[in-house]
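Student: Please take me slowly through one part of this model, its nonpolar interior, and explain each term as you use it.

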Amino acid sequence: TIVNLQDSIYSVNAKAFDNKGASVSSSTIVFSIGDFSLGNRAPEITIVSPVKEQVFDLGENIFIDSDVIDKDNNLNRIAYFANDKLIANKYNNETTFNWTPTEPGTYHISARAVDDKDLATTANSVLITVVSPNIFPTASITSPLFNTIFAEEETIDIIADVADEDGTVEKVIFYADGNEIGEVNSNPFNFSWTGATSGEYELTIEAFDDAGDSKISEPVTVIV
């Protein structure tokens with residue numbers, strides 16, 4: 001009985017001796033103990049970053065990392081791919097790098113661990129999405145003009161010039177000295193302000209796009 005053997009590969013044979021010193025050897029048997037298979041074993045690899053269905057802005061650095069196990073300790077490299085296109089090779093047991101895609105879209109990120117005998121394993125791919133960052137709307141007041149004078153209680157027609165390059169303007173809020181005086185939810189985004197008392201006011205507008213982002217115009221001063 002053989003006891004206390006470590007996980008490894010073993011070659012065993014037997015040799016028999018007679019009383020005159022003659023001997024004969026058996027054939028050799030090769031066996032393994034524990035998690036130690038015969039021959040070279042493929043490395044194991046799993047992508048840990050990014051995660052499935054993660055969303056990134058275009059231009060954002062995407063941190064890519066993987067868990068790699070090579071039980072033979074002979075890992076050569078890790079190859080990373082985006083939609084089957086090679087984006088990086090990492091050597092010397094390095095697993096991480098930052099990737100910055102140049103176009104929006106969906107990407108399947110995959111990784112392949114290769115040992116020194118070119119035995120390779122490919123990890124399950126991770127699907128991510130890269131989106132163009134939202135462009136904020138533009139907003140300005142085209143009427144009234146700066147320092148226009150109105151009579152007390154006169155209706156002040158405020159004409160807004162708003163646009164959204166990558167979507168639509170959903171609403172415009174109108175302010176006098178920072179206080180909301182009206183809201184318009186459809187084009188044309190104009191508003192008639194009534195009931196202004198004597199004084200000097202700074203008029204501004206705030207345009208909201210379909211992504212929820214907003215832009216406040218430069219103020220226009222009017223005198224009542």
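Tutor: What follows begins with the whole chain and then moves to the interior and its surroundings.

This is a predicted model, in which local features need pLDDT of at least 70 and side-chain atom pairs count only at pLDDT 80 or more, while totals for chains, interfaces and linings use all residues. Residues are numbered from 1 along each chain as its sequence is written, and side-chain values use heavy atoms, with hydrogens and water left out.

The secondary structure comes to 0 helices and 22 strands (helices, H or I, of at least four residues and strands, E, of at least two are DSSP runs, numbered from the N terminus). Of the 224 residues, 31% count as buried, where buried means under 20% relative accessible area, exposed over 50% and partly exposed in between, with a 1.4 Å probe and protein chains only. If we take contacts (heavy atoms within 4.5 Å) between residues at least 6 apart in sequence, 57% of them join residues at least 24 apart.

In soluble globular proteins, nonpolar side chains tend to be buried together. A nonpolar core is a set of buried Ala, Val, Leu, Ile, Met, Phe, Trp, Tyr and Cys residues joined through side-chain atoms within 4.5 Å. The largest one here has 23 residues, and those touching the most other members are Ile-156, Val-162, Val-172, Phe-174, Trp-193, Leu-203 and Ile-205. Two or more residues come from each of the strands β14 (138-143), β16 (156-163), β17 (169-176), β19 (190-193), β20 (200-209) and β22 (220-223). A second, separate core of 19 residues has Ile-64, Ala-88, Val-126 and Val-130 among its members.

Ile-205 shows how such a residue is surrounded: leaving out residues up to four places away in sequence, its contacts include Ala-139, Ile-141, Val-162, Val-172 and Phe-174, and also Lys-215 and Ser-217. Thr-204 lies in strand β20 and is buried, with a relative accessible area of 15%. Neighbours within four places in sequence aside, Thr-204 is in contact with residues including Ile-141, Ile-173, Tyr-175, Ile-216 and Pro-219.

Aromatic rings deserve a separate look, and the structure holds 4 aromatic pairs. Rings of Phe, Tyr and Trp (its six-membered ring) pair if their centres lie within 6.5 Å, and planes under 30 degrees apart count as stacked, over 60 as edge-to-face and the rest as tilted. Tyr-80 and Phe-97 have ring centres 5.2 Å apart and planes at 45°, so this pair is tilted. Because Tyr-80 lies in strand β8 (residues 75-82) and Phe-97 in strand β10 (residues 97-99), the pair ties together parts that are 17 residues apart in sequence, and both residues are buried. Trp-193 and Tyr-201 form an edge-to-face pair, 5.1 Å centre to centre with 90° between the planes, and these two residues are also buried.

For contrast, Pro-188 has its place in the loop between β18 (179-184) and β19, and Pro-188 is exposed, with a relative accessible area of 55%. From Val-172, Pro-188 is 16 residues away in sequence and 10.0 Å away in space, C-alpha to C-alpha.
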